[in-house]
Amino acid sequence: MKHSISIFWRDRENHYKLLITKCRNCGKSSYPKLKRCPYCGSTNVEVVESKGRGTLVNYTITYFRVDGSEAMLPKVIGLVKLDEGVKVPAEIVDVPDLSSLKPGLEVEAVLRKYSSDDPHGLIYYGLKFIPSIIKKQ
Amino acid sequence: MWGDGMLKAYIASVEMLKIDRHYDKSYVDMALEVIDAVLNGVGLTPSELDYIIVSTAFNSLLTHQVGSSYILAQYLGVKNVNVASVEAGEASGAAALDYAASLVKSGKASKVLVVGFEKMSEYPSWIVNREYSKILNYMVEGIKGVTPPDYAAIIMKEYMSKYNVTREDVFKWSVKMHENASKNPYAQLPFKISKDSYVKSLVMSDPITMHDSFPVGDGAAAALIVGDGFTNNAPKELVELVDVESSVNLPLYLREDLTVFEATAKSLSKLTSKHRVSVTKDMALNVYDTYNIYGLITLESLGVAERGKAHEVIDEMPYLNVGGGLKARGHPVGATPLYQLGELYKLMTEGFAGMKYDGEYGIIHSMSGPDNTSWLVLLRRCVR
């Protein structure tokens, strides 16, 4: 089993939604859903849902293996700045041409498979990003 | 915080094992080897120790052993000793030194053995990579497949773009580290590399290649930290463990600027405000460089170089990472700060890697991930 079912289930909101924590004390926003503001420590926060659109801050094409399969490599890992102004780390998928990747590329969140307990185990889903141009096609 | 009136802590001895893939040694074998070397060197028996403090980050994940501090005490045949393991990710060894020095300075103990080790070669690389990636936030980063070299790659691209620094400029760090490691008998990669060897190196997370990153290896190092009473028979040149300071940074994705290590800078600020010491180019300095870009940013965050200019000053720093850094000496995680300590201690006393440092202060910098937490250890030469 790659992940604990209860750990994953308990945090399902953060896997299936892009939740942003807004601090009423210092005014800063952060990711993901948190009980305290990571900037000032205040508990006076509210949680809002992102619309799921943003731009690529920067990215890497990675060959670093962390599971037994090479089938998913290379992957694209990036930092995405949401339109709400918060950065999130994420995998970028459905990139038809890796040379099209560049900072500033418009991207949108989609629900995809994170991993699975091969060969007959659970499948873990969560949010990744795709280039917006793919969704428009 | 340590205030006036506290006792002082000194380094009595440091011993290191050559970093390698020691398939023939368990973590117990490695740890006992350096512990015996330290104790034999100073003429102590295990039963005379007040504390044994263990530093390891991955032992429970990679060797299935929890509580290695009392396991080691059992192998040493000692019962009347205090034991504990300290874990702060890749900075565990620095935290262990803080613990040891605090015990001695408070007067609670006078002979504290710190032993750091990591057994990184028990599994194939992909499993080690998976476990190592847990230095990041598992729930936010790890579960999505985001790994440490991915962040190093993104930081490196941001840095090169922001400061108009070339790939070759960043790689100067790796070349210098390998040159230093070629003179270090404990280094895992004791050989020189050419200034363009990254071109043929395997890509980990583009542009990070194997030659931009540390090697995976097993290692152990031990240090004996003592109080004033034990120094009566010590050699003329002593090294004082003056202070340890640390800070925490935001996770990378919440940082406004990806190209500065604020926890490193904050730790230095805390240290300098107490001890009026600044980092200079001619100081003995041993910094974390899990990736060469991190070495450069660390120098800038410590104020040795202007932002984006660290690659221009590293050749002006004769006592920078004399053992070859994590890049070429190696990075057996829980032991790494003990290797840093050993290199500086020897450099300040008997000499190391063909050099001897006669300055007053030396600083060790340790961190976990890209500055998620950063630690500084201040050493000072004392002449009796």
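These turns ask how some labels in this predicted model are reached.

User: Why is there no disulfide at A:Cys40?

Analyst: A disulfide needs two cysteine sulfur atoms within 2.5 Å. The sulfur of A:Cys23 is 3.6 Å from the closest cysteine sulfur, in A:Cys40, so the pair is too far apart for a bond. By this rule the count over all chains is 0 disulfides.

User: What makes A:Cys23 buried?

Analyst: Buried means under 20% relative accessible area. A:Cys23 has 6%, so the label holds.

User: And why is A:Cys40 called partly exposed?

Analyst: Partly exposed lies between the 20% and 50% cut-offs. A:Cys40 is at 35% relative accessibility, so it counts as partly exposed.

User: What makes B:Lys119 and B:Asp218 a salt bridge?

Analyst: The rule asks for a side-chain nitrogen of Lys or Arg within 4 Å of a carboxyl oxygen of Asp or Glu. Here N to O is 2.6 Å. B:Lys119 lies in the loop between E4 and H5 of chain B, and B:Asp218 in the loop between E6 and E7, so the pair ties together parts 99 residues apart in sequence. Both B:Lys119 and B:Asp218 are buried.

User: How do you know that B:Arg380 and B:Glu240 link distant parts of the chain?

Analyst: Their closest N and O atoms are 3.1 Å apart, in a salt bridge. B:Arg380 sits in strand E11 and B:Glu240 in strand E8 of chain B, 140 residues apart. B:Glu240 is at 4% relative accessibility, so it counts as buried.

User: How many salt bridges does the structure hold over all chains?

Analyst: The total is 20 salt bridges over all chains.

Note on methods: Residues numbered from 1 in each chain as written. Chains lettered and ligands numbered in written order. Predicted model: local features only at pLDDT ≥ 70, side-chain atom pairs only at ≥ 80, totals over all residues. Heavy atoms only, no water. Buried < 20%, exposed > 50% of the residue type's maximum accessible area, 1.4 Å probe, protein only. Helix = DSSP H or I, 4+ residues; strand = E, 2+ residues; numbered from the N terminus.
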